[in-house]
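Visitor: Please show me the model. Then I would like to ask some questions about it.

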Amino acid sequence: MRVLSVVGYSKAGKTTLIERLVSILKDRGLKILVVKHALDFEIDREGKDSWRIFNAGVDVAIASKDRFAFISRLGDDLDEICSIFNFYDLIITEGFNRACRDRIVVLREPDELENFKCGKILAVVCDREVEGFRTFRLDQVDEIAKIVLDWFYEER
């Protein structure tokens, strides 16, 4: 299993890139999980059985014919999250900048890069060239996918 982060500021295009990228990578046979970092979220409703069980102090999974959800108190420890979902070929994170994983950086402006230099930068996505880095536009998803696939299969 490999982990690749897509990082950048809010509204830079991270989700758009991931959405387009996973379609290509999935077609290449990779089993992919996307883990999105959020400040806060709620997927359960007060009073529902799963809410009651979670509030009783344990983690809970909800399964139906078409969906599965896992509600846990793990927090945002990326290593721990990845250890649970290690049966995926590739885990793509949206965010998790401080985890310093190999990454694609999505920028609105080239000078934003300074805040995302932790970890190996495979590519930068920006409308303007970023000197010293392979730079792509958001619509060059096929080229970005090639970079990701080359990275995924290297040293394996």
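**Fold, pockets and cysteines**

Guide: From the N terminus on, the elements run β-α-β-α-β-β-α-β-β-β-β-α. Helices (H or I, at least four residues) and strands (E, at least two) are DSSP runs, numbered from the N terminus. This is a predicted model: local features need pLDDT of at least 70, side-chain atom pairs count only at pLDDT 80 or more, and totals for chains, interfaces and linings use all residues. Residues are numbered from 1 along each chain as its sequence is written, and side-chain values use heavy atoms, with hydrogens and water left out.

Visitor: How many helices and strands are there in the protein?
Guide: The C-alpha trace spans about 55 × 30 × 25 Å along its principal axes. The protein holds 4 helices and 8 strands.

Visitor: What percentage of the residues is buried?
Guide: Buried means under 20% relative accessible area, exposed over 50%, partly exposed in between (1.4 Å probe, protein chains only). The protein has 156 residues, and the buried share is 41%.

Visitor: What volume does the largest pocket have?
Guide: A pocket is an open set of points on a 1 Å grid over the protein atoms alone, where a 1.4 Å probe fits, with protein on both sides within 12 Å along at least five of seven lines. Grid points are joined across faces, edges and corners, and a volume is the space filled by probe spheres set on the points. For the largest pocket that gives about 1000 Å³.

Visitor: Which residues lie closest to the centre of the largest pocket?
Guide: Lining residues have an atom within 4 Å of a point. Strand E2 (32-36), helix H2 (49-55) and strand E4 (68-71) each supply at least two of them. Of the 27 lining residues, the closest to the centre are Phe-41, Phe-70, Ile-71, Ser-72 and Gly-75.

Visitor: How many residues in the lining of the second largest pocket are charged?
Guide: This pocket holds about 520 Å³ of space. Its lining has 20 residues, with Gly-8, His-37, Glu-94, Gly-95 and Phe-96 nearest the centre. Asp, Glu, Lys and Arg count as charged; Ala, Val, Leu, Ile, Met, Phe, Trp, Tyr, Cys and Pro as nonpolar; the others, Gly among them, as polar. The lining divides into 7 nonpolar, 7 polar and, as charged residues, 6.

Visitor: Which cysteines form a disulfide?
Guide: A disulfide is a pair of cysteine sulfur atoms within 2.5 Å. The link here is right-handed, with 105 degrees about the S-S bond. It joins distant parts of the chain, 18 residues apart. With sulfur atoms 1.5 Å apart, the pair is Cys-100 and Cys-118.

Visitor: Why is Cys-82 without a bond to Cys-100?
Guide: Cys-82 counts as buried, at 3% relative accessibility. Cys-100 is partly exposed, at 35%. The sulfur of Cys-82 has its closest cysteine sulfur in Cys-100, but no bond forms because the distance is too far, at 14 Å.

Visitor: How far is the sulfur of Cys-126 from the closest cysteine sulfur?
Guide: Cys-126 is buried, with 3% relative accessibility. Its closest cysteine sulfur is in Cys-118, too far for a bond, at 20 Å.

Visitor: Which residues does Arg-20 touch, not counting those up to four places away in sequence?
Guide: Arg-20 sits in helix H1 (residues 14-27). It is partly exposed, with a relative accessible area of 37%. Contact means heavy atoms within 4.5 Å. By that test, Arg-20 touches Leu-138, Asp-139 and Val-141.
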